[in-house]
Amino acid sequence: MKKYIIKRLLQLIPILIGITLLSFVLMQASAMDAVDVMEQNTGGSMSDAEKAAVREELGLDKSLPEQYVVWLKGVLTGDMGKSFVSGQPVFTTFVSKLPATIALAATSVLMTVLISIPLGILSAVKQNHFWDHLIRFLSFIGNSLPNFFVSLLLIYIFSLKLGWFPVMGNAQGWKSIILPTLTLALAMAAKYTRQVRATVLEELNKEYVQGARARGVREKKILYFSVLKASMLTIVTLLALSIGSLLGGTAIVESIFMWDGVGKMAVDAITMRDYPVIQAYVIWMAVIYVLVNLVTDLIYCFLDPRIRIGQEAGG
C-alpha cells in the first residue's frame, strides 16, 4: 500500500509541474504588460524609467525560463508575489479567502449527502411508484435550473419577501451561509439522486441480492448492509468531484451572494487582470484536484478489497 501511494505521488508531480508551466506561459502571453496592468489598476502614471525599475524589481527583465524558475521557487516557499491591485502578498490574500470557501464547501457537501442518498434509495426501492416518479421529476427540475437562477429565486423568496436570511455577504454568521449552501446543494443533490438511484437499482438486480432474499434475509438488512455498501464507490466518486469543484470556489454563487471566498477572488482578479492572483488560483485548483483524486483512490482501496489486492499485486 505504501509503495502504491509513493508511486501515485511520483506520477502526480509531473502533472503539477506541467500545470504551473502552462499557467505561467499563458499569463506571460497575455495582451498587456504586467507593469501596464499595475499602472492601470492603481490609476497612477509612471514614467518609462519608473516602469523599467519596476520590471527589474519584479524580475521581468529576465528571460522567460529564468522568470519561471524564480517564480516556481517562490511558489514552493509560499511566495507567490504581490497582487497588482492591492499590493498585498498573494499567498496571504489567498489564505484569508480559504476559510469562507471551505465552510461553504463543507455545508454544501453535507446537505447534498443528506438529500441525495435517502431520496436515491427511496426512488430505487419504490421503482415506478408514486414516490419514484415524484423524486425523478423534482431531480429533473433541479438539474435543469442554472445556479444563478436558483440564487436569485432564493434571494427573492427568503430574503426580500420573507426576510429570513441576509441578501448577501458573510458577516451574519450561520444565516449568511444558508442560501448559498442551498443553491449549491439543490443542484448537486438533483444530479446525485439520479446517480444513486441507478446504482442501487443495478445492485438490487444482482444475483447476490436474489440469493439473500431466497435465504430469508430481511429487505432492510440487504439494502443497508449489502446494496448501499456496494454502491459506495459510485457515491464516493461523485462526492470527490463535487469537493474538488467546491474547494476551487464556485465563482457564480460566490459572486451573486458576495461570499468572500476563493471563487469571488478569482472573478475579481480576472476582471482586474491581477495575474499573480490568477496564477495562484490555477495552482490551487490543480493541487485540489490532484489531492482529491489521490484520496479517492485510497478510499477505493479500503472500500473494495479487490482493488486493494490488485494494487498490492501490481507493486
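This is a short dialogue about reading the features of one predicted model.

Biologist: Before we start, how are residues numbered, and what kind of model is this?

Modeller: Residues count from 1 along each chain as its sequence is written, and the model is predicted, so local features need pLDDT of at least 70, side-chain atom pairs count only at pLDDT 80 or more, and totals for chains, interfaces and linings use all residues. Side-chain values use heavy atoms, with hydrogens and water left out.

Biologist: Good. How many helices and strands are there in the chain?

Modeller: Helices (H or I, at least four residues) and strands (E, at least two) are DSSP runs, numbered from the N terminus. Here the chain has 15 helices and 0 strands.

Biologist: What share of the residues is buried?

Modeller: A residue is buried under 20% relative accessible area, exposed over 50%, and partly exposed in between, using a 1.4 Å probe and protein chains only. Of the 315 residues in this chain, 40% are buried.

Biologist: And which residues have the most contacts inside the largest nonpolar core?

Modeller: A nonpolar core is a set of buried Ala, Val, Leu, Ile, Met, Phe, Trp, Tyr and Cys residues joined through side-chain atoms within 4.5 Å. The largest one has 60 residues, and Phe94, Ile121, Val200, Val227, Val262 and Trp284 have the most contacts inside it. Contact in general means heavy atoms within 4.5 Å. Take Ile121: leaving aside neighbours within four places in sequence, Ile121 touches Val196, Val200, Leu223 and Leu228.

Biologist: How do I look for empty space?

Modeller: Rolling a probe the size of a water molecule over the atoms shows where empty space is left. On a 1 Å grid over the protein atoms alone, a cavity is a set of points where a 1.4 Å probe fits but cannot get out; a pocket is an open set with protein on both sides within 12 Å along at least five of seven lines; lining residues have an atom within 4 Å of a point. Points are joined across faces, edges and corners, and a volume is the space filled by probe spheres set on them. By this rule there are 2 cavities of 30 Å³ or more, and the largest holds about 50 Å³.

Biologist: Which helix gives the most to the lining of the largest cavity?

Modeller: That is α5, with 4 residues. Helices α5 (90-125), α8 (174-204) and α11 (232-247) each supply at least two. Among the lining residues are Thr112, Tyr192 and Leu239. By class there are 7 nonpolar, 2 polar and no charged residues; Ala, Val, Leu, Ile, Met, Phe, Trp, Tyr, Cys and Pro count as nonpolar, Asp, Glu, Lys and Arg as charged, and the others, Gly among them, as polar.

Biologist: What volume has the second largest pocket?

Modeller: About 390 Å³. Its lining has 16 residues, with Leu138, Ser139, Gly142, Leu186 and Ala190 nearest the centre. They divide into 13 nonpolar, 3 polar and no charged.

Biologist: Last one: which way does phi usually point?

Modeller: Most residues other than glycine have a negative phi, and most peptide bonds are trans. Asn128 is not a glycine, yet has a positive phi of about 65°. Asn128 sits in the loop between α5 and α6 (130-144) and is exposed, at 52% relative accessible area. Met258, also not a glycine, has a positive phi of about 50°. Met258 lies in the loop between α12 (251-256) and α13 (262-272) and is partly exposed, at 38%.
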